[in-house]
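Have your viewer ready and a selection box open. We will move from one residue to the next, with a short stop at each.

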Amino acid sequence: MTTPSRPAARPVDWIAVRRRMAAAIEQTEALLEAAQRDTDAHDEQPPRSAWDAFAGESEEQSVGLVTFMLSDRRFALEIRYVCEVVSKARVSPLPGMPSHACGVYDLRGQLLPVFDLCGLLDLPQGAGAASDWAIVCGQAQPEFLILSETAPEILALPLEEIGAAEPGQGDKAWHCATTETGTVVLDGHLLLNDPQFFLDDEQIIASDEMERTDIHESPISE
């Protein structure tokens with residue numbers, strides 16, 4: 001039996017290869033430039049207001065809110081920015097912290113900072129107001145707590161009962177909507193990303209260790 005002979009190898013046309021490579025590179029660069037133009041055009045679009053995002057994301061034409069009281073005024077957060085509500089919150093003070101930071105709260109072993117929004121919202125501190133309630137704020141996980149003078153309430157409101165708030169500067173920018181009854185809806189996204197609510201983990205841990213020492217150490221008799 002005769003062994004079939006292999007066809008003779010054709011010489012490589014390097015000129016054609018270089019031509020195809022150059023065409024492929026040119027196409028790739030054109031696609032990248034087009035993608036970059038789309039990105040730049042998107043970045044140049046004016047950002048949507050908090051109200052636009054607030055109203056545009058509700059398919060059911062209603063929104064769930066958690067309302068709370070500060071200085072006899074009612075505020076609210078969208079329920080998607082609330083993890084839970086705690087009562088009789090035992091807050092451990094934090095020395096050397098800003099005035100709006102009340103301390104830390106032990107949420108099932110996780111130390112979370114606790115904040116009072118009265119000062120940040122230019123509200124007077126209610127005389128004798130007991131802040132026994134707190135709202136645990138966060139989305140993927142609990143981030144911090146904000147105090148409430150009364151038990152927070154959960155409700156669903158139609159969008160037609162909520163209007164856009166007037167634009168404000170500083171902390172007033174948190175105001176994204178107002179209900180027909182005068183409840184101010186705060187922008188939960190801005191709150192969760194505001195540097196005023198970031199505390200160093202080392203300070204929180206140091207405060208917890210200080211508290212444990214104060215509790216467990218016996219007084220020294222002279």
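Start by selecting Ser71, which is buried, with a relative accessible area of 12%. This is a predicted model, so take each stop as a feature of a prediction. Ser71 sits in the loop that links β1 (62-70) and β2 (73-78). Check its backbone while you are there: phi of Ser71 is near 50 degrees, a positive value in a residue other than glycine. For context, most residues other than glycine have a negative phi.

Now jump to another loop, the one between β4 (101-107) and β5 (110-115), and select Arg108. Its phi is also positive, near 50 degrees, and Arg108 is not a glycine either. Is Arg108 buried or exposed? With a relative accessibility of 66%, Arg108 counts as exposed, whereas Ser71 is buried.

Next, colour the cysteines. How many disulfides does a search of the whole structure find? The search finds 0. A disulfide is a covalent bond between the sulfur atoms of two cysteines. Select Cys118 and Cys102 together to see why Cys118 is unpaired: the closest cysteine sulfur to that of Cys118 belongs to Cys102, and at 9.0 Å it is too far for a bond. The cut-off for a disulfide here is 2.5 Å between the sulfur atoms. Cys118 is also buried, with a relative accessible area of 1%.

Move on to Cys137, which is in no disulfide either; the nearest cysteine sulfur, in Cys83, lies 7.8 Å away. Cys137 belongs to strand β6 (residues 133-138) and is buried, at 2% relative accessible area. What does Cys137 touch, leaving aside residues up to four places away in sequence? Show Leu77, Tyr81, Cys83, Pro142, Glu143, Phe144, Ile146 and Leu192, and you have its contacts. Then add Leu191: its C-alpha atom is 9.0 Å from that of Cys137, although the two residues are 54 residues apart along the chain.

Finally, zoom out and switch to a cartoon view. The chain has 4 helices and 11 strands. Of its 222 residues, 34% count as buried, Ser71, Cys118 and Cys137 among them. Among contacts in the chain with a separation of 6 or more, 59% are between residues 24 or more positions apart. If you turn on the surface, its accessible area comes to about 14900 Å², and carbon and sulfur atoms account for 52% of that.

Definitions and conventions: Residues are numbered from 1 along each chain as its sequence is written. This is a predicted model: local features need pLDDT of at least 70, side-chain atom pairs count only at pLDDT 80 or more; totals for chains, interfaces and linings use all residues. Side-chain values use heavy atoms; hydrogens and water are left out. Buried means under 20% relative accessible area, exposed over 50%, partly exposed in between (1.4 Å probe, protein chains only). Helices (H or I, at least four residues) and strands (E, at least two) are DSSP runs, numbered from the N terminus. Contact means heavy atoms within 4.5 Å. Accessible areas come from the Shrake-Rupley method with a 1.4 Å probe; for residues, only the protein chains shown count as cover.
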